[in-house]
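Trainee: I should like to learn how to read a protein–DNA model in an orderly way. Where should one begin?

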2 protein chains.
Amino acid sequence: MELGERKRKILKAIVTDYIETAEPVGSRTIAKKYLTDISPATIRNEMADLEDLGLLEQPHTSAGRVPSDRGYRYYVDQIMEIKYPSPQEIEKIKYMLQIQTINELDKIIKRTTKLISDITKYTSAVLTPSVRKSSIRSLQLIRVSDYDIVAVVVTDTGIIKNVVIKSPNAVDDSKILKLNNLLNEKLSGLTINDIGLTVISDIQSHMREYSEIFSAIISVVYESLKEDDAEVYLEGTTNIFEYPEYDDKDKARTFLSFIEDKKSLTNIFSDDTNKFCVYIGCENENDKIKDCSIVKATYNIADKTAGTIGIIGPKRMDYARVIGILKSISNVLSEIFEKTL
Amino acid sequence: MELGERKRKILKAIVTDYIETAEPVGSRTIAKKYLTDISPATIRNEMADLEDLGLLEQPHTSAGRVPSDRGYRYYVDQIMEIKYPSPQEIEKIKYMLQIQTINELDKIIKRTTKLISDITKYTSAVLTPSVRKSSIRSLQLIRVSDYDIVAVVVTDTGIIKNVVIKSPNAVDDSKILKLNNLLNEKLSGLTINDIGLTVISDIQSHMREYSEIFSAIISVVYESLKEDDAEVYLEGTTNIFEYPEYDDKDKARTFLSFIEDKKSLTNIFSDDTNKFCVYIGCENENDKIKDCSIVKATYNIADKTAGTIGIIGPKRMDYARVIGILKSISNVLSEIFEKTL
DNA sequence: GTTAGCACTCATTACTCACGAGTGCTAATC
DNA sequence: GATTAGCACTCGTGAGTAATGAGTGCTAAC
């Protein structure tokens, strides 16, 4: 859709003002604050056009205009200029994410989640990397007691996963060692999806003597790695109370109950077909967040897409700023995780 | 405080009715629903007495009475009879907690959290066991690359913890093996608090040749185990919207922002001096939850107090039922965890 | 094409008033 | 002396009304 220069300016003014004030913006406000050289009447005409185009909406006859979902979309795609954090701010972000002594993957991701919600003042969500999409770097069996084995899987993305295995018959250290070496040799480098029947039966043929223990191990390990284990961390869930759109109890409730449902949240954030993505209002599939917007970006571990960071908030969101922040933090994270482990 | 039989009955009626209806209860209601043989006027006199004793409160002159914090306390301590789930229900709980194929500690605890909030309709919080209070059962080093080691610590309470260690100089499998054996021998059976300078220097004396690697390992492992790693799982946070006391936006917000602050939550729930505990309203130290109640109970792993389960909700809470449920679930959990790993 | 003027719409707020639930007190009753 | 009926009083709640003002669309003039 091609828009004249003046219409663009008016749309921009409306979005900007509405993001700031949360009040429908009228023609007079625009003429006074944004476009001092045109009269309110002209602006009214233009606004009527923009409404006909579906970019603006009127809550009721005697109110000003509010951007529609399509209006926000046009603003995001065609008008807005991304506001990136300054180099100093980015340095500060880097510093904040690595400030502690213990800098495990998990800790950094948790810190990132908190940081995003602190900076943006929206609710942040971060998806941890999943074992499923990673390949196995090392698999180690630890004998805890005669019948208890712990399998530790380390992936190329730096995830460490533990699986407890109850062995059907007693194991000793030498058995464990043999199994260990074999499994490691056969499985390392493979992703979960690579582990099929051929691989399993290949290992099995080398392991005739311990077949019972082996099948106990392989089934539990496989089961545990197969399940989608990506988790969503959330922070700043109560930030929504800062925004008048959630003054209404039911609105707040709907939002929070959506947030509480980790499954659908995981679904949305595990889709990493795009490095970067904005969903505005009814562009969201889930009805519960038809009046929210989601902005998300992926981050890499060892140069491979591993997880997603994002925020969720009211449609009336400072897109330019949020997008700049998320893109920057996503870069910082990928940089930190460039060499992992 | 000694109360006459009739006063006890009236207090009980008021608490019961208020818990059910959330409306201040008047003398007429009591005379009609609970104590049909006394007249409203008599009940009014008794209620005035109970108010003088500080057990009841009046929101305003022309309203009925509401239990005060002390009123609830008296009810919980002296009047209420705990409503335990039926044996069938307890069987169902057991079943629900172990229904999945993968029954790791973590999964069971998460399921417990969800179950509690589902059954009680309040917000549930469960504290995971902490490494700090456990003793080390096995410590295993895994060599992931020349400079990367993962230490896996398994405790007697079934916690498995991973620590990533960057070695200052390259390590090979034989070094790892030696370190492994030594650390295992020296550390297993000890709690974190037991690991002092004497133990460390003892190991160090056996490890002159690898002193650099050793100190890298021991410092990171120690650091990581020392930090309080008990986590609080939450479920049913939006349940509060069911209760009219949180109709007010600020009330809901205060509650949720308290819930979001994992630190203070962990603090409250890590106190396991009592196997079972109820905090009513202003008995809570934190101002944010002065009009909430908390009920909590500890659970055991391998016959040792390991964590806490609990709920948090409005003071107007079905104490008899909640207490029965939590005590039962705590027992079920301890039973499941009797033999761990 | 732009703008001033004006009638019209409609959410918001303040105000009033009747209603009713519940109390405390007094006097009569058991 | 304890219990109860009767009654005046309090106070939150909800309905109804009117004034206010922000903002619009339309028309006619510039």
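Mentor: We shall take confidence, the two DNA strands and the protein interface in turn. The model is predicted, and confidence therefore deserves attention before any contact is discussed.

Trainee: What is the average pLDDT of chain A, and where is confidence lowest and highest?

Mentor: Chain A averages a pLDDT of 91, and 99% of the residues score at least 70. Within chain A, confidence is lowest in helix 9, with a mean of 81, and highest in strand 3, residues 123–127, at 98.

Trainee: Turning to the DNA, how many residues surround strand C, and which are the closest?

Mentor: One begins with a list of neighbours, taken here with a cut-off of 4 Å. For DNA strand C there are 21 such residues, and the closest are A:Thr42, A:Thr61, A:Ser62, B:Ser27 and B:Arg65. In terms of class, this surface has 4 nonpolar, 12 polar and 5 charged residues.

Trainee: Which secondary-structure elements supply at least two residues of that surface?

Mentor: Helix 3 (40–52) of chain A and helix 3 (40–52) of chain B each do so. Helix 3 of chain A gives the most, with 4 residues.

Trainee: What share of the strand C atoms within 4 Å of the protein belongs to sugar or phosphate?

Mentor: The share is 78%, and the rest belong to bases. Individual atom pairs then add detail to this picture. A polar side-chain atom of A:Thr42 lies 2.4 Å from a phosphate oxygen of DNA strand C. For B:Arg65, the distance from a polar side-chain atom to a phosphate oxygen of this strand is 2.8 Å, and for A:Arg6 it is 2.9 Å.

Trainee: How should strand D be read, and which residues come nearest to it?

Mentor: The procedure can be repeated for the second strand. Of the 21 residues around DNA strand D, those that come nearest are A:Ser27, A:Arg65, B:Thr42, B:Thr61 and B:Ser62. The residues of this surface divide into 4 nonpolar, 12 polar and 5 charged. Sugar or phosphate accounts for 78% of the strand D atoms within 4 Å of the protein, and bases for the rest.

Trainee: Which atoms of strand D do A:Arg65, B:Ser39 and B:Ser62 approach?

Mentor: A polar side-chain atom of A:Arg65 is 2.8 Å from a phosphate oxygen of DNA strand D. B:Ser39 places a polar backbone atom 3.1 Å from a phosphate oxygen. With B:Ser62 the partner is a base oxygen, 3.3 Å from an N or O atom in the side chain. Helix 3 of chain A and helix 3 of chain B are the elements that give two or more residues to this surface, and helix 3 of chain B gives the most, with 4 residues.

Trainee: Finally, how much area do chain A and chain B bury between them?

Mentor: An interface is read from its extent, then its pairings, then its composition. Chain A and chain B bury about 3,300 Å² between them, 58% of it on carbon and sulfur atoms. In this interface, 39 residues of chain A are in contact with 39 residues of chain B.

Trainee: How many salt bridges and polar contacts join the chains?

Mentor: There are 6 salt bridges between chain A and chain B. One of these salt bridges pairs the side chains of A:Arg253 and B:Glu242, at 2.5 Å from N to O. Polar contact across the interface involves 12 residue pairs, both residues being at pLDDT 80 or more. Among the elements of chain A that each supply at least two residues to the side touching chain B are helix 6 (105–120), strand 5 (148–155) and helix 10 (249–260). That side of chain A comprises 13 nonpolar, 11 polar and 15 charged residues.

Note on methods:
Residues are numbered from 1 along each chain as its sequence is written. Chains are lettered from A and ligands numbered from 1 in the order in which they are written. Side-chain values use heavy atoms; hydrogens and water are left out. A polar contact is a pair of N or O atoms within 3.5 Å; within protein, one must be able to donate a hydrogen and the other to accept it, and residues adjacent in sequence count only if both atoms are side-chain atoms. Ala, Val, Leu, Ile, Met, Phe, Trp, Tyr, Cys and Pro count as nonpolar, Asp, Glu, Lys and Arg as charged, and the others, Gly among them, as polar. Contact means heavy atoms within 4.5 Å. Buried area is the accessible area (1.4 Å probe) that two parts lose on being put together, summed over both. A salt bridge is a side-chain nitrogen of Lys or Arg within 4 Å of a carboxyl oxygen of Asp or Glu. pLDDT is the predictor's confidence in each residue, from 0 to 100.
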